[in-house]
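Hi everyone, thanks for coming. I'd like to walk you through a structure that is probably new to most of you, so settle in and have a look at the screen.

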Amino acid sequence: MKLSRAERQQIENEMIFRRANEKVGTDLDDLDAMHRKDGHFNLVRDENLILHFKCECSDENCSVRIPLLLTEYRAIHLNRNTFIVKTNHQVDMIEKVVMVTPTYSVVKKNNSTPEPSDVLNITSINNS
Ligand SMILES: [Zn+2]
């Protein structure tokens with residue numbers, strides 16, 4: 001199945017949001033490593049710290065945050081076709097919901113597209 005331009009743009013937006021979220025995790029790891037190196041063990045992050053990840057839906061203007069443990073976030077994203085979105089932020093045309101929790105849904109892409117550049121696409125989706 002070939003993706004329309006609009007569909008591809010929506011998927012790309014989700015990938016860009018996911019990349020931003022993943023950077024949060026990597027930055028925290030770097031910070032922890034620095035604290036350990038400096039002997040500041042009290043500053044090393046608690047494993048149970050809740051982070052507020054960006055909603056990974058395809059609306060480029062969506063600013064919803066999803067509270068989640070970093071370990072949970074990483075477990076979900078071991079599959080590169082999955083994204084976390086606020087409940088009801090999924091777009092049925094490009095993805096399907098594979099898991100629902102009280103605060104967020106996990107969606108899986110119907111199609112995969114290559115990882116995009118860092119520029120968000122303008123779409124007709126509006127979750128506000
Ligand atoms: Zn959203």
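Let me begin with a term we'll need: two strands count as paired if DSSP finds at least two bridges between them. With that in hand, here is a first example: Met 99 stands opposite Val 106, a residue of β5. Before we go further, please keep in mind that this is a predicted model.

Now the overview. How many helices and strands does the protein chain have? There are two helices and five strands. If you follow the sequence from start to end, the pattern reads α-β-β-α-β-β-β. The C-alpha atoms fit a box of roughly 55 × 30 × 25 Å along the principal axes. The chain has 128 residues, and 24% of them count as buried. Among contacts with a separation of 6 or more, 60% are between residues 24 or more positions apart.

Let's start with the helix that opens that pattern. Helix α1 covers residues 5–37, which is 33 residues. From its first C-alpha to its last it reaches 48 Å, close to the 48 Å expected at 1.5 Å a residue. Several of its residues are buried, including Glu 7, Ile 11, Met 15, Ile 16, Phe 17 and Asn 21. And what covers the buried residues of α1? The cover includes β1, which is residues 50–54, along with α2, β3 and β5. After α1 comes Gly 39, with a positive phi near 80°.

On to the sheet. Three strands form an open sheet in the order β3-β5-β4, and the pairing is antiparallel. β3 and β4 stand at the edges with a single partner strand each, so one side of each has no neighbour in the sheet. From one strand to the next, the twist averages 40°. As general background, strands of a sheet pair through backbone hydrogen bonds, either parallel or antiparallel.

We can look at the two pairings in turn. β3 and β5 are antiparallel and joined over five bridges; there, Thr 82 has Lys 108 of β5 as its bridge partner. β4 and β5 also pair in the antiparallel sense, over five bridges. In that pairing, Val 100 is bridged to Ser 105 in β5. β4 and β5 form a hairpin, with three residues between them.

One residue in the loop between β4 and β5 is Pro 102. Is Pro 102 buried or exposed? It counts as exposed, because Pro 102 has 5 C-beta neighbours inside 10 Å, and the cut-off for exposed is 12 or fewer. Pro 102 and Thr 87 are 15 residues apart along the chain, and their C-alpha atoms are separated by 7.9 Å.

Next, the inside of the protein. Which residues make up the largest nonpolar core? There are ten in all: Phe 53, Cys 55, Cys 57, Cys 62, Ile 66, Phe 83, Ile 84, Val 85, Tyr 104 and Val 107. The elements giving two or more residues to this core are β3, at 82–86, and β5, at 104–109. β3 gives the most, with three residues. Another core lies apart from this one; it has five residues, among them Met 15, Ile 16, Phe 17 and Ile 94. You may remember Met 15, Ile 16 and Phe 17 from the buried residues of α1.

Let me zoom in on Cys 55. Leaving out residues up to four places away in sequence, Cys 55 touches Cys 62, Val 64, Ile 66, Val 85, Lys 86 and His 89.

Finally, two loop residues. Asn 88 lies in the loop between β3 and β4. Its phi is near 75°, which is a positive value in a residue other than glycine. In general, most residues other than glycine have a negative phi. Asn 88 counts as exposed, since it has 9 C-beta neighbours inside 10 Å.

The other is Arg 80, found in the loop between α2, at 70–76, and β3. Arg 80 is exposed too, with 11 other C-beta atoms within 10 Å. Arg 80 and His 52 are 28 residues apart in sequence, and 20 Å separates them in space, C-alpha to C-alpha.

That's the tour, and thank you all for listening.

How values were computed:
Residues are numbered from 1 along each chain as its sequence is written. This is a predicted model: local features need pLDDT of at least 70, side-chain atom pairs count only at pLDDT 80 or more; totals for chains, interfaces and linings use all residues. A nonpolar core is a set of buried Ala, Val, Leu, Ile, Met, Phe, Trp, Tyr and Cys residues joined through C-beta atoms within 7 Å. A residue is buried if 20 or more other C-beta atoms lie within 10 Å of its own, exposed if 12 or fewer, and partly exposed in between; C-beta atoms are placed from the backbone. Helices (H or I, at least four residues) and strands (E, at least two) are DSSP runs, numbered from the N terminus. Two residues are in contact if their C-beta atoms, placed from the backbone, lie within 7 Å. Axes are lines fitted to C-alpha atoms, for helices over the stretch in contact, and angles run from 0 to 180 degrees between N-to-C directions. The expected span of a helix is 1.5 Å times one less than its number of residues.
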